[in-house]
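Here's a walk through one chain, from its packing to its sheets and a few odd spots. Have the structure open while you read.

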Amino acid sequence: MSSAVAGEPVSTTSPAQVHPAFEWKGSRTIESLNLVVEEYRHRGTGALHYHLAAQNPENVFLVALRTVPTDSTGVAHILEHTVLCGSERYPVRDPFFMMIRRSLNTFMNAFTSSDWTAYPFASQNRKDFFNLMDVYLDAVFFSRLHELDFAQEGHRVEFADPRDPGSELQFKGVVFNEMKGAMSSATSTLWQTLTKYLFPTSTYHYNSGGDPEHIPDLSYRQLKAFYKTHYHPSNAVFMTYGDIPAREHQQRFHDQALCRFERLEVAISVSDEKRYHAPLRVQESYALEESGDLSNKTHIVIGWLLGHSTNLKEQLEAHLLEGVLLDDSASPLRHALETTELGSAPSPLCGLEPSNREMSFVCGLEGSRAEHADALEQLVLDVLGKVAEQGVATERVEAVLHQLELSQREISGDGYPYGLQLVLEGLSSAVHRGDPAEALDLDPVLEELRGLIRDPGYIPRLVRELLLDNPHRVRLTLVPDPELAQRREAAEARRLRQIAQRLDQTQRLRLVEQAELLERRQQQVDDPTVLPKVGLEDIPADMHIAEGEQGLLGDSALSCYPQGTNGLIYQQVLAQLPRLEDALLEVLPLYTHTLTQLGCAGRDYLTVQALQTSVSGGINASSSMRGGVDDVQALEGWFTLSGKALVRNHAALAQLMRDTLVAPRFDELPRIRELVAQQRARREQSVTGNGHALAMLAASAGLSNGAALAHRLRGLAGIQALKRLDDGLAQAEPLQQLAARFAEIHERILQAPRQFLLIAEDERLDQARAELGQAWEGQPLPAADFREFALEPVRRPVREAWLTNSQVNFCAKAFPAVAMDHEDSAALSVLAGFLRNGYLHRAIREQGGAYGGGASYDSDNAAFRFYSYRDPRLEETLNDFDRAVSWVLEEKHEWRAVEEAILGVISNIDKPGSPAGEAKDAFYNALYGRTPELRRRFRSRVLAVRLEDLQRVAGAYLQADTANVAVISNAAARERCEKLALEVNTL
């Protein structure tokens with residue numbers, strides 16, 4: 001660990017107990033995070049262990065291996081999947097997914113990054129935590145790596161009819177299909193292509209996830225060789241977080257794994273990249289299967305290779321420069337990219353990539369033309385030159401430092417567990433043999449930067465050193481090619497034909513035999529008792545729900561939640577959603593998206609953006625709608641304006657939020673035009689990464705007014721409508737009409753009944769209330785004739801196909817069900833997990849080759865949904881959904897499977913969030929009638945579910961003639977979709 005005096009640990013006080021197999025190297029207290037980072041090294045193997053000691057019962061474990069591929073076969077990614085398919089102590093076929101079902105985990109997964117592979121989990125239950133650790137340690141260090149698991153998870157050649165050696169050959173495999181889906185995304189292709197040129201000689205040159213064209217090149221022998229060299233404790237980094245002492249972790253590490261290894265002297269690492277002496281300009285293509293003029297679908301990005309990510313000062317200087325140039329619309333480079341006519345929106349790659357050994361900075365445009373490449377490059381260089389010449393106002397630089405401080409202090413945890421987020425923040429440094437404790441302790445370097453920015457020449461120097469005078473620069477122009485996907489498919493078919501021509505009869509029969517063996521392996525029922533488990537007896541008696549205080553701010557309700565927010569205050573202003581005609585309703589998402597990005601109270605949007613950055617962690621607007629707890633067609637809606645700030649800035653935040661709500665600038669028409677174009681670009685890119693959710697929204701759209709509205713506003717129909725709207729805004733009149741619609745929505749929201757929400761540390765709440773009251777003194781009263789939001793009930797059949805630019809499919813079926821307070825809702829929740837665990841995972845993922853598949857129950861819209869994700873199949877998957885229902889009703893089932901499904905539901909209910917997130921969760925549930933009493937009653941009903949309940953609700957609600965269907969596919973599947981009697985839509 002780094003230290004105040006070179007060579008000495010930060011703290012000379014060792015922990016109370018150190019495991020004898022480990023050597024303590026040092027500790028660092030990080031007051032801003034309320035934790036101590038302890039570093040240890042295993043004496044026998046040299047394995048590193050970083051323990052983040054914190055008073056938090058949600059403990060986190062992660063073991064990472066440095067994995068440095070030298071090609072794009074996806075060896076590290078396929079190994080990540082295959083490692084989890086059975087091990088020495090746990091010789092079952094699928095221990096990872098089996099443990100998900102037998103656990104109260106709050107997180108379980110595995111990640112493949114560009115130069116490391118990590119296996120993390122988290123749990124609040126101590127017994128469960130050590131159960132999972134035992135399984136993970138055995139999986140990582142003693143994996144069986146069965147050849148059939150490699151064939152299932154990685155790739156294999158198989159006949160279209162696995163039993164007919166005369167049928168055509170196909171490539172199959174979970175990772176193969178996952179990466180076909182991933183590389184359908186233009187953004188993923190853009191990043192992989194850029195890094196290919198930014199890193200001409202190192203591991204980042206390759207696609208660590210695997211390129212579908214190269215994945216079939218990987219052999220089983222190569223997979224095992226990579227495992228042998230990379231999955232060794234000497235190449236491992238262990239990281240833990242929480243209130244379990246390091247010694248207890250180390251006892252397990254040593255006894256279960258490390259004691260059986262000797263030190264490996266080979267050090268796996270990433271070498272420094274060979275630097276260019278002059279900028280490089282390249283042009284490549286990406287697949288885009290759309291009709292019409294595609295010339296304005298070009299991506300142009302410029303990337304620079306920077307210094308080492310392990311140098312914290314250099315990394316924070318790069319973050320500082322990124323913030324100065326790109327943080328908000330008032331930042332010089334972002335402003336230039338947003339307002340130029342050379343493209344439709346800043347590239348999604350804009351910003352700093354700090355996780356590789358050497359960092360990179362990227363900027364550019366999407367929605368451009370290839371002939372604009374020179375002009376864009378000159379625009380960027382001109383902006384950088386101007387900053388280098390004239391500098392940046394000190395208050396703008398201070399605002400960026402303020403953002404770094406705020407992000408350091410904020411306790412997150414609503415997506416990943418907070419402890420896991422901290423572990424991941426330190427992981428890159430640990431993997432690259434830096435100091436993760438230093439990477440987490442930003443305050444000393446932030447203080448140093450506060451002194452440096454007083455020099456007006458500091459930022460200009462950074463611009464020159466890191467960018468203008470840095471010759472390792474790549475300009476990539478990525479142009480659309482409507483025929484590229486077809487050429488790739490033709491090349492794949494040609495390769496398969498060549499393989500088929502080389503096969504003799506014996507080899508053909510061997511492929512048939514492999515398919516039979518794999519199917520037999522997939523169908524085998526393993527003995528689950530070889531794995532550890534928790535049971536219903538280990539579930540806590542009660543669920544935690546944050547508690548707040550109710551009061552008034554003037555005539556409006558005020559809810560205050562005392563939470564441990566580490567010096568931040570969260571504020572929300574809510575207004576009951578008014579009744580809106582269709583013309584207003586369809587632009588509601590655009591209204592909320594643009595509201596906080598416009599000027600207000602006489603200021604222009606550039607001034608407001610800069611003010612937001614200087615006093616807040618962001619201000620945003622949103623709308624939400626939920627059905628009633630006993631009638632989902634009784635829809636209620638709320639508008640919310642949200643903000644957060646450090647305590648010292650809360651008064652300024654409160655005033656800015658009032659200004660934003662009371663006096664927005666809907667007259668900033670060019671700004672509105674920019675924001676609509678940017679939103680279109682983001683929404684179009686969301687399909688390949690979120691296709692299963694979009695397909696479920698489409699399938700559910702006929703089951704309730706809330707589901708229909710969700711599909712219309714944020715689903716596939718919403719994306720389609722947004723594209724039409726954006727295409728029509730080239731003329732002034734439609735843009736003025738859109739701004740007028742925004743203003744009309746806003747006027748009605750101002751007339752609506754209002755509420756306020758405050759979340760802060762208990763001792764800060766009185767001050768926060770006073771500041772909020774001062775900002776809203778004399779607030780406008782709601783209109784006496786206010787008409788609340790309402791929609792007519794919806795119930796209609798849906799059979800739809802949505803065609804877009806994707807190499808894989810997303811399938812969904814939806815059945816009408818019941819609302820949350822119905823006595824069958826708990827059984828339906830458990831049934832979703834029961835179907836996923838017992839049937840869908842095997843049928844959709846293992847046998848069908850999709851990256852994922854399952855079922856879910858949506859109580860807000862009274863819908864039970866089946867789904868698949870990145871799926872090579874269509875009709876076969878839809879048939880599997882039906883067969884899953886038959887399986888529940890007709891097969892014999894063990895109580896164990898029901899208990900596992902119950903554990904999954906309870907684990908999700910009891911999953912902790914961030915302090916602010918838990919308060920918001922409690923507030924909004926109560927706002928929509930999901931009272932603590934009702935939520936606890938639902939939880940009790942879940943615990944009481946029995947097998948006969950699952951079979952009863954499956955028979956009652958999952959009837960074939962009530963099913964709605966929606967799929968997302970590509971143009972080549974049009975005929976298949978029409979044969980399925982699906983109404984075809986094109987995105």
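L169 touches V157, E158, F159, L496, I499, A500, L503 and L511, once neighbours within four places in sequence are set aside. Bear in mind that this is a predicted model. L169 is also one of the residues with the most contacts inside the largest nonpolar core, together with F61, V83, Y119, F141 and F238. That core has 67 residues, and α3 gives the most to it, with 10 residues. Apart from it there's another core, of 58 residues, with Y839, A843, A855 and L903 among them.

Three of the contacts of L169, namely V157, E158 and F159, belong to strand β8 (residues 156-159). Both faces of β8 are covered: R156 and E158 are buried on one side, V157 and F159 on the other. As a general point, side chains in a regular strand alternate between the two faces of the sheet. β8 pairs with strand β9 (residues 169-172) in the antiparallel sense, over four bridges, and E158 stands opposite Q170 of β9.

Next up is helix α7. Which residues of α7 are buried? They are Y220, L223, F226, Y227 and H230. These residues sit on the same side of α7, because they cover an arc of only 125° around the axis. In general, an α-helix has 3.6 residues a turn, so residues three or four places apart point the same way. On the other side of α7, R221 and K228 are exposed. The cover over the buried residues of α7 includes β4 (59-66), α1 (75-83), α3 (126-141) and α4 (147-153).

H230 is worth a closer look. It's part of α7, which spans residues 220-230, and it counts as buried because its relative accessibility is 9%. Leaving out residues up to four places away in sequence, H230 touches L65, R66, T67, V68, N235 and I268.

Now for the sheets. One is an open sheet of six strands in the order β17-β18-β22-β19-β21-β20, with mixed pairing. Its edges are β17 (549-553) and β20 (619-626); each has a single partner strand, so one side of each is left without a neighbour in the sheet. From one strand to the next, the twist averages 25°. Helix α22 (residues 650-662) lies across β19 (568-576), β20, β21 and β22 (754-760), and runs at about 145° to β21.

The other is also an open sheet of six strands, ordered β25-β26-β24-β27-β23-β28, again with mixed pairing. Here β25 (852-858) and β28 (983-986) are at the edges, and each has a single partner strand, so one side of each lacks a neighbour in the sheet. Ignoring direction, neighbouring strands of this sheet are turned by 15° against each other on average. Helix α24 (residues 687-700) packs on this sheet, touching β23 (799-803), β24, β25, β26 (863-869) and β27, and its direction makes about 25° with that of β24.

Strands of a sheet pair through backbone hydrogen bonds, either parallel or antiparallel. Here are some antiparallel pairs, with one facing pair of residues for each:

| Strand pair | Bridges | Facing residues |
|---|---|---|
| β8 and β9 | four | E158 and Q170 |
| β20 and β21 (636-646) | eight | N620 and S642 |
| β24 (810-816) and β27 (964-969) | five | F810 and I968 |

A couple of backbone angles stand out too. Most residues other than glycine have a negative phi. R870 isn't a glycine, yet its phi is positive, at about 50°. It's in the loop between β26 and α30 (875-890), and at 10% relative accessibility R870 counts as buried. A981, not a glycine either, has a positive phi of about 60°. It lies in the loop between α35 (974-979) and β28. Is A981 buried or exposed? At 53% relative accessibility, A981 counts as exposed.

Last stop: S295, in the loop between β11 (280-287) and β12 (298-308). Its relative accessibility is 26%, so S295 counts as partly exposed. The side chain of S295 makes a polar contact with the side chain of D293, at 2.8 Å. Beyond the neighbours within four places in sequence, S295 is in contact with S368 and R369. Its C-alpha atom is separated by 31 Å from that of D667, 372 residues apart along the chain.

Methods:
Residues numbered from 1 in each chain as written. Predicted model: local features only at pLDDT ≥ 70, side-chain atom pairs only at ≥ 80, totals over all residues. Heavy atoms only, no water. Helix = DSSP H or I, 4+ residues; strand = E, 2+ residues; numbered from the N terminus. Buried < 20%, exposed > 50% of the residue type's maximum accessible area, 1.4 Å probe, protein only. Contact = heavy atoms within 4.5 Å. Polar contact = N/O pair within 3.5 Å; in protein donor to acceptor, adjacent residues only side chain to side chain. Arc of directions from axis to C-beta. Core = buried A, V, L, I, M, F, W, Y, C linked by side-chain atoms within 4.5 Å. Pairing = 2+ DSSP bridges. Axes fitted to C-alpha atoms, helices over the stretch in contact; angles between N-to-C directions.
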